[in-house]
Amino acid sequence: MSIALGAIADDFTGATDLCNTLVKEGMSAVQVIGVPDGSIDLGGADAVVVALKSRTAPADEAVSMSLAAHDWLKANGAGRIIEKYCSTFDSTASGNIGPITDALLDRSGAAAAVICPAFPENGRTVYQGHLFVHGDPLSESSMKDHPLTPMRDSSLVRLMEAQSRGRAAVVPLETIRLGSEAIRAAIATLIGEGASHIVTDATERSDLVAVASAIPDDMLITGGSGIALGLPESLRKSGRIGWSPAPRPPRVEGRKLILAGSCSTATLGQIARAGSRWPTRRLRLDDIAAGDAAIADLADWADGQPADQPVLIHASAGPDEVRAAQRRYGVQGAGAMVERALGALAATLADAGHRKMIVAGGETSGALVSALGVRALRIGPEFAPGVPWTGTVGGTPMALALKSGNFGSETFFEDAFGMLP
Ligand code: ADP
């Protein structure tokens, strides 16, 4: 097996989003769940994205997982390597983006890293080194209230320098617009001046294509999925891949289920809409704390609903309720309780035949695919910006749609199920 492009993603939905971008640019892609420990047939995919759960893990664990993924990809012939994180730069002053980048720089011998979270199609733009979410500075977006990684600064230079060893510098939009040669020259100058973390502005798709084609082979590429926009074309030009046609939706028998652990604004809107149409139940932390009976009751309730309708179970709540739960159970504790409970529901209900499943939330998705024992996902067609259907590789056949909390319009759940055969 030889992989043209290998990526290390810090959460599951981010990995899917990256695969999805690569598929739309004519590559075949498989997402593997964690670093594979045995043999796994990936069917000769052009791109393999290793999905880790390292975004909010302790920094040393996140670093060792990322290095193991890097080494596995290299051992399997991966050419270029991408470090993928969230387009809202989800992290804290202690990491994990900075420590992972530093460790990958050391391991790969690269002199510097490109820092490029922009993804204009999803409203993430970078201007003068500041990250914007749908036009608002990151620190004034809904990300300021994220349960695990509240983002209170918009400067990528400050964010990166706070959590890494290196010095950060910006290639401004005026230079990006001059094209690949100018960008390459600017990067070389900044590295010559001692910068090791090079933030690239980008407010449009064409900026990302220019950046992707300008990055020298010996630099580490880091960023959101947007950075993958230009890479497939450059791999084709060098003859490393051909053009893969658009994949079909996975064909799976089974009932429809939505499990949500995201508290992001977009997900709350999607839940409100779905709740007025389909059987819906809320999973409360106090009920989880009271014992596993509540989880078993919920599974029974879901299984007893009409089989021709989707069923929704969610833990999602607004910022005040999340803060109250975190005061009571701790930030990590509350998250872990919800993830464990939703994971148990996913496994029980999949066994009972709920095999067309949508999961809302990055961390939540990670927990659920682990609970389901899924090892790899073949990426199918996209039904909302950044979110494709996927089919499980090996094991019980399931169709899974894994959504990062902030993604999708209000009709997201209907749109998703509407695409399945
Ligand atoms: P997103 O993609 O929106 O960031 P995530 O799943 O990554 O969503 O993160 C949301 C976190 O919030 C998860 O760890 C989840 O378990 C936790 N969570 C969900 N509901 C609640 C709640 N009611 N109170 C506290 N934490 C919650």
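Here's a quick tour of the ligand site in this structure, plus two backbone spots to look at. Keep in mind that this is a predicted model. The ligand takes up the space of the largest pocket, and the protein buries 96% of the 570 Å² that the ligand exposes when taken alone. Residues from both domain 1 (5-237) and domain 2 (255-419) help surround the ligand, with at least three coming from each.

**Who sits around the ligand**

- There are 22 residues around the ligand, and the ones that come nearest are His146, Ser262, Ser264, Glu339 and Thr364.
- Sorted by type, the shell around the ligand splits into 10 nonpolar residues, 10 polar ones and 2 charged ones.

**Polar contacts to pick out**

- Start with Thr364, where an N or O atom of the side chain is 2.6 Å from an oxygen atom of the ligand.
- Ser262 also uses its side chain, placing a polar atom 2.7 Å from an oxygen atom of the ligand.
- With Gly362 it's the backbone that does the job, as one of its N or O atoms lies 2.9 Å from an oxygen atom of the ligand.

**Which elements build the shell**

- Helix H12 (319-329), helix H13 (331-351) and helix H14 (362-372) are the elements that each give two or more residues to the shell around the ligand.
- H13 chips in the most, with 4 residues in that shell.

**Two backbone spots to look at**

- As a bit of background, most peptide bonds are trans, and most residues other than glycine have a negative phi.
- The peptide bond running from Gly95 to Asn96 is cis, and its omega is near 15 degrees.
- To find Asn96, look in the loop that sits between strand E4 (80-84) and helix H3 (97-108).
- Gln128 isn't a glycine, yet it has a positive phi of about 50 degrees.
- You'll spot Gln128 in the loop linking strand E6 (124-127) and strand E7 (130-133).

Conventions
Residues are numbered from 1 along each chain as its sequence is written. This is a predicted model: local features need pLDDT of at least 70, side-chain atom pairs count only at pLDDT 80 or more; totals for chains, interfaces and linings use all residues. Side-chain values use heavy atoms; hydrogens and water are left out. A residue is near a molecule or strand if one of its heavy atoms lies within 4 Å of it. A polar contact is a pair of N or O atoms within 3.5 Å; within protein, one must be able to donate a hydrogen and the other to accept it, and residues adjacent in sequence count only if both atoms are side-chain atoms. Accessible areas come from the Shrake-Rupley method with a 1.4 Å probe; for residues, only the protein chains shown count as cover. On a 1 Å grid over the protein atoms alone, a cavity is a set of points where a 1.4 Å probe fits but cannot get out, and a pocket is an open set with protein on both sides within 12 Å along at least five of seven lines; lining residues have an atom within 4 Å of a point. A molecule sits in a cavity or pocket if more than half of its atoms lie within 2 Å of its grid points. Ala, Val, Leu, Ile, Met, Phe, Trp, Tyr, Cys and Pro count as nonpolar, Asp, Glu, Lys and Arg as charged, and the others, Gly among them, as polar. Domain bounds come from an automatic or database domain assignment.
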